[in-house]
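Trainee: Please pick one part of this fold and look at it closely. I want to know how it is held among its neighbours.

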Amino acid sequence: TLSQRHKFWETQPVGQFKDLRDTSLPEGPIESPTPLSEVKQEPYNLPNLYEWVTCDMDSEETCAEVYNLLSNNYVEDDENMFRFNYSKEFLRWALHPPGYYKSWHIGVRVKSSKKLVAFITGIPARIRVRSDVVSMAEVNFLCVHKKLRSKRLAPVMIKEVTRRVHLENIWQAAYTAGVVLPTPITSCQYWHRSLNPKKLIDVGFSRLGPRMTMSRTMKLYKLPDSTVTPGFRKMELRDVPAVTRLLRTYLLQFVVAPDLDELDVEHWILPKEGVIDSYVVESPETHKVTDFCSFYTLPSSILGHPTHSTLKAAYSYYNVSTKTPLLQLMNDALIVAKQKDFDVFNALDVMHNETFLKELKYGPGDGKLHYYLYNYRLKHILRPSELGLVLL
Ligand SMILES: CCCCCCCCCCCCCC(=O)CSCCNC(=O)CCNC(=O)[C@H](O)C(C)(C)COP(=O)(O)OP(=O)(O)OC[C@H]1O[C@@H](n2cnc3c(N)ncnc32)[C@H](O)[C@@H]1OP(=O)(O)O
Ligand SMILES: CN(C)Cc1n[nH]c2ccc(-c3ccc(F)cc3OCCn3ccnc3)cc12
C-alpha cells in the first residue's frame with residue numbers, strides 16, 4: 001500500500017507517493033544534470049564475495065550465462081506457474097539497438113566461482129514526453145539469483161546502472177514492472193487471446209469456462225487458416241521508410257512514445273526469425289504500404305508440468321492502421337500467430353488496443369504492468385490509451 005516505506009526509492013529522483021496531490025510541482029526533470037567530473041568514477045561497492053562484470057552479449061559464452069540466469073531466476077507470474085524464458089537471440093536483439101553501450105549490460109559474479117548471480121541492463125532511447133524529446137535509458141532485465149534475494153542487492157544494481165548512464169550524460173530513464181513502486185505514470189492491464197485453448201487449459205494458464213466443454217472452447221477460439229486482408233505480407237527491408245513514416249505519425253498522438261528513426265525501425269520492427277514478426281499491408285491498387293502490425297516472441301517456461309515445458313507466447317508490439325480496420329489487421333495478426341504455432345497472443349491496453357481486445361476474444365490477465373520514468377515528473381497519471389511505448 002502507499003503507506004509502506006520505500007527506503008531506497010524514497011532517496012531517488014522519482015515521483016514520490018507523498019507528492020501525488022501536489023500539482024504545484026512542475027512537469028519535467030526532477031534533478032538537474034551534474035557535471036561529468038562530479039559523477040562517481042568508480043563502481044558502487046558490492047558485498048565482499050561479489051564483483052562487477054560487463055556482459056558482452058556477442059560472446060556466446062556470456063550470452064549463455066545471462067540466458068541461464070534469467071531462465072531460472074527472472075519474472076514469474078503471481079502463482080509461480082510460469083517464468084519468462086527470453087531466448088539468446090531475443091536478448092541480443094533487445095540489448096543491441098543502434099547506439100547501445102556495452103557498459104550498460106551489467107552483471108555481478110561470485111569472485112571465487114565466477115558464477116553470474118545478478119544482471120541489469122540499459123539501452124539508449126529517445127523518448128518523447130508531450131513535446132519534449134528526451135534521451136533516456138530503458139532499464140530492463142533486473143535479476144538477482146533466487147538464493148540472493150532480500151539482501152538489498154537490487155538498489156546497488158540500480159545505482160550502478162544509474163552511474164554508468166550518467167557517465168554518458170543521460171539523466172532520465174524509462175522502465176516497467178509488475179510491482180507498484182514510487183510512482184507509476186500509468187498502470188496497464190494485460191490481456192490474453194487463446195490460440196491453443198486445449199494446451200492453455202491443460203497447463204493451468206486458462207480454465208474451462210462455466211457451462212463450456214473443451215470442444216466448444218476450441219470452436220470459440222478457432223481462426224481461419226489464412227489472413228483476409230488483400231496485400232498482407234511479411235515486412236521487408238524496402239518497407240522501412242514507409243513503416244517509419246506510418247509509425248512516427250501514429251505515435252505523435254500519445255503523451256509518451258519513442259522517437260524512432262529509420263535505423264531504429266530497421267532494428268526494432270524488421271522481422272527476425274523467432275524474435276520479432278512484422279507484416280505490412282501493401283495496397284494491390286497503389287502498391288503503397290498503408291498499415292503494419294508486429295509482435296515479438298517471448299516464451300514462458302511452464303514450471304513443474306509433467307508433459308508441457310514451454311508456453312509459446314506472442315506479444316503485441318507496434319501496430320498502425322490507416323486503411324485496414326485495426327480489428328481486421330489484428331485478427332490477421334492472430335491468424336499468422338496461430339499458423340506459427342503460438343499458444344497465446346498477449347497485448348497491453350496501451351495505444352488503441354482496447355478497441356479490439358474484447359471483440360477479438362482476449363481475456364483479461366491477472367495483473368498489471370506499471371510504467372515508470374526516472375528523474376522526470378508528470379503532473380498527472382496517464383490513461384493507458386495515452387501511452388505509445390512498449391518495453392520488452
Ligand atoms: C538516469 C538513469 C536511471 C537508470 C535507473 C532507473 C531505475 C531502474 C529501476 C529498475 C527497473 C527494472 C525493470 C525491469 O527489469 C523489469 S521488472 C522485472 C524485475 N525482475 C524480476 O522481477 C525478476 C525476479 N525478481 C528478482 O530478480 C528480484 O526480486 C529483484 C531483482 C527484482 C529485486 O531484488 P530483491 O532481492 O527481491 O530485493 P532487494 O535486493 O532486497 O531490494 C529491495 C528493493 O528493491 C526494490 N525493487 C524490487 N523489485 C523492483 C523492480 N522490479 N524494479 C525496481 N525496484 C525494485 C524494492 O522496492 C526495494 O526498494 P524499497 O525498499 O525502496 O521499496
Ligand atoms: C515488460 N518487461 C519489463 C517484462 C516484465 N517484467 N515484469 C512483468 C510483469 C508482467 C508482464 C506482462 C506483460 C504483458 C503480458 F501480456 C503479460 C505479462 O505478464 C504475465 C504474467 N507473467 C509473468 C511472467 N510470466 C507470466 C511483463 C513483465
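Mentor: Two strands pair if DSSP finds at least two bridges between them. Strands here are DSSP runs (E, at least two residues), numbered from the N terminus. This is a predicted model: local features need pLDDT of at least 70, side-chain atom pairs count only at pLDDT 80 or more, and totals for chains, interfaces and linings use all residues. Residues are numbered from 1 along each chain as its sequence is written, chains are lettered from A and ligands numbered from 1 in the order in which they are written, and side-chain values use heavy atoms, leaving out hydrogens and water.

Take strand 4, residues 116–129. Of its 14 residues, 13 are buried (under 20% relative accessible area, 1.4 Å probe, protein chains only). So the rest of the structure largely encloses strand 4.

Now go through its partners. Strand 3 covers residues 105–110 and runs antiparallel to strand 4, with five bridges between them. Ile106 faces Ile120 of strand 4. The two strands form a hairpin, with five residues in between. In that turn, Lys114 has a positive phi of about 65°.

Next comes strand 5, residues 132–144. It is antiparallel to strand 4 too, joined by 11 bridges. One pair to find: Gly122 has Val139 of strand 5 as its bridge partner. Strands 4 and 5 also make a hairpin, here with two residues between them. Arg130 in this turn has a positive phi of about 55°.

Strand 9, residues 256–258, pairs with strand 4 as well. Three bridges link them, again antiparallel. There, Ile127 is matched with Pro258 of strand 9.

Note on methods. Buried < 20%, exposed > 50% of the residue type's maximum accessible area, 1.4 Å probe, protein only. Helix = DSSP H or I, 4+ residues; strand = E, 2+ residues; numbered from the N terminus.
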